[in-house]
Amino acid sequence: MGRITEDLIRRNAEHNDCVIFSLEELSLHQQEIERLEHIDKWCRDLKILYLQNNLIGKIENVSKLKKLEYLNLALNNIERIENLEASLQIHFSTSEYPSLQDVTDFGLTRPKHGHLGPCFFGCEWLTKLDLTVNFIGELSSVKTLTHNIHLKELFLMGNPCADFEGYRQFVVVTLQQLKWLDGKEIERSERIQALQNYAAVEQQVREQEKAYCLRRAKEKEEAQRKLEEENKSEDKKKSSPGFDGRWYTDIHTACSSAMENQDHLQVPETQEQHNTKTSDEIEDDLAFWNKPSLFTPESRLETLRHVEKQRKAQDKLSEKKKNVKPPRKLITEDGKALNVNEAKYMDTSLIEVDVQPTYVRVMVKGKPFQLALSTEVQPDSSSAKRSQTTGHLLICMPKVGEIITGCQRTPMTVKTTSDSNKKQTNSSRPRIERLEVDPSKHSCPDVSTIVQEKRHKPKKMESQPQVEPSEEDPDFDDNPEVPPLI
């Protein structure tokens, strides 16, 4: 069953940055809330409050919400309208009414301090109230809303009182400030007609209300009796005898006697008991949903308990079916290390490094990161460091048969006497350096041949000699009138 908590309100106040003291609108529908509490202390500035489709049985702890304009309590277990009235208190000045008798003549309380004027308390700004589909049978409880002068809309459809004869006329006359009832506008002619027949309607409503209250008392007794019977039956199941029908204080004795009588039927019987239990649960579930029941607050609570019981049973079943992950296999049966990577987040305080000759293992928060090595290393000479800037983990593992000098590794090999002699003779000879002439052995590329530029020689503009036509040219025509070219 749900309860109104500060965490629940904050989770539903995301539109107000999860700040609850200045919250003006709050929605807590479908939360299985059984009691209305804490809201009037934590959310004083509420204007709109949604509480529909819960299990609230009483309107309470909302009288301090002075700014509340819209309250939705549809689909709950409310049986009467209460704790929403706006009370009016008028304080007079002590100078105008010095005697206590003058004040008490008006039926008021004498103020301790000076003139304060009229004051309203409760949900004085309540404009809309939705009580659709509840269990309100005391129709006369609407009189508590008489002083809520700003109340314009009221919804009571789906309640037992809405089936009373004269229900609408009674509400229209009782709440003169109403403009809409059950989504239908109240016209002036309707109000006048209701006022004319109010005496007879009021008497009729009171008789129906009395009959309903007697019927509800019987329903409550019947529901209480059924609840006690269910509790007894559950206690019987829990305290049932052993599987062979007898009581035992020693479980070993019980097991031995059962094995002697039914040794050959042990496994089939267990399976049959499991199947019978499952079928019994299915039959009980079908019987519950097919059983006719009255529409009462008790039946709603019973349905919710049944659904919650099924949910818990399903959760237990899913937990049993959940397969537990087997432990990660790091080394095979033949002693070969496997490559494993389960570690994701690396925290220095949670890192454990284990260097072995054939593998290295890093445990991060209990999750392994393991690498198999191709060659053997020296665990005693290995080191692990982590960078303070990048966070990288550096593991240095020297190979077996190598000496680490600075950043260069010099392999150590087993040398025979003849090899050492050769080395001494070679070291005694002067080393001759030879010049490499072969261009294919150049370690560096020839930069000069990377880009070949074609050099274009500039063409000189030479004047071509003019060829004078000779007399031997067949096309030559000597004209004496034309002067010669110089």
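Start by selecting E229: with 45% relative accessibility, E229 counts as partly exposed. Keep in mind as you click around that this is a predicted model. Now add R225, also partly exposed, at 37% relative accessibility. Show both side chains and you'll find them meeting in a salt bridge, 2.7 Å from N to O. Both sit in helix α6, four residues apart, which puts about one helical turn between them.

**Along α6 to R216**

Stay in helix α6 and select R216. Is R216 buried or exposed? R216 counts as buried, because its relative accessibility is 5% and the cut-off for buried is under 20%. Its salt-bridge partner is E79, with the closest N and O atoms 3.3 Å apart. E79 belongs to the loop between β3 (70–72) and β4 (87–91), so this pair ties together parts that are 137 residues apart in sequence. E79 itself is partly exposed, at 23%.

These are just stops on a longer list: the whole structure has 17 salt bridges. If you'd like a linked group, select R3, R35, E37 and E60, which form a network of salt bridges.

**Helix α4**

Next, select residues 167–174, which make up helix α4. Seven of its eight residues are buried, so the helix is largely enclosed by the rest of the structure. Color the buried ones: Y167, R168, F170, V171, V172, V173 and T174.

Pause at R168, buried at 17% relative accessibility. What does R168 form a salt bridge with? The partner is E190, and the closest N and O atoms are 2.6 Å apart. E190 lies in helix α5 (residues 188–196), so the pair ties together parts 22 residues apart in sequence. E190 counts as partly exposed, at 23%.

**Into the core**

Nonpolar side chains tend to be buried together in soluble globular proteins. Here, the largest nonpolar core holds 52 residues, and I39, L71, L84, L129, L131 and L139 touch the most other members. Elements giving two or more residues to this core are α1 (6–11), α4 and α6 (198–238). Of these, α4 gives the most, with five residues. Zoom in on I39 and look for its contacts, among them I4, L28 and L65.

**A charged residue inside**

Now try D130, in strand β6 (residues 128–130). D130 is buried yet has no salt bridge. How far away is the nearest side chain of opposite charge? That's K128, 6.1 Å away, while a salt bridge needs a distance within 4 Å. The residues D130 touches include Y70, L71, N72 and F155.

**Two sheets**

Switch to cartoon view. β6 is part of an open sheet of seven strands in the order β1-β2-β3-β6-β7-β8-β9, with mixed pairing. Its edge strands are β1 (25–27) and β9 (184–185), each pairing on one side only. At the β9 end, β8 (residues 180–181) pairs with β9 in the antiparallel sense over two bridges; find L181 and its bridge partner K184.

The other sheet to visit is open and antiparallel, with four strands in the order β10-β13-β12-β11. β10 (340–341) and β11 (351–355) stand at the edges with a single partner strand each, so one side of each is left without a neighbour in the sheet. Five bridges join β11 to β12 (residues 359–364); one pair to click is D354 and R361.

Finally, zoom out: the protein has ten helices and 17 strands, and 25% of its 486 residues count as buried.

Conventions
Residues are numbered from 1 along each chain as its sequence is written. This is a predicted model: local features need pLDDT of at least 70, side-chain atom pairs count only at pLDDT 80 or more; totals for chains, interfaces and linings use all residues. Side-chain values use heavy atoms; hydrogens and water are left out. Two strands pair if DSSP finds at least two bridges between them. Buried means under 20% relative accessible area, exposed over 50%, partly exposed in between (1.4 Å probe, protein chains only). A nonpolar core is a set of buried Ala, Val, Leu, Ile, Met, Phe, Trp, Tyr and Cys residues joined through side-chain atoms within 4.5 Å. Contact means heavy atoms within 4.5 Å. Lys and Arg count as positive and Asp and Glu as negative; His and the chain ends are not counted. Lists of a residue's contacts leave out its neighbours within four places in sequence.
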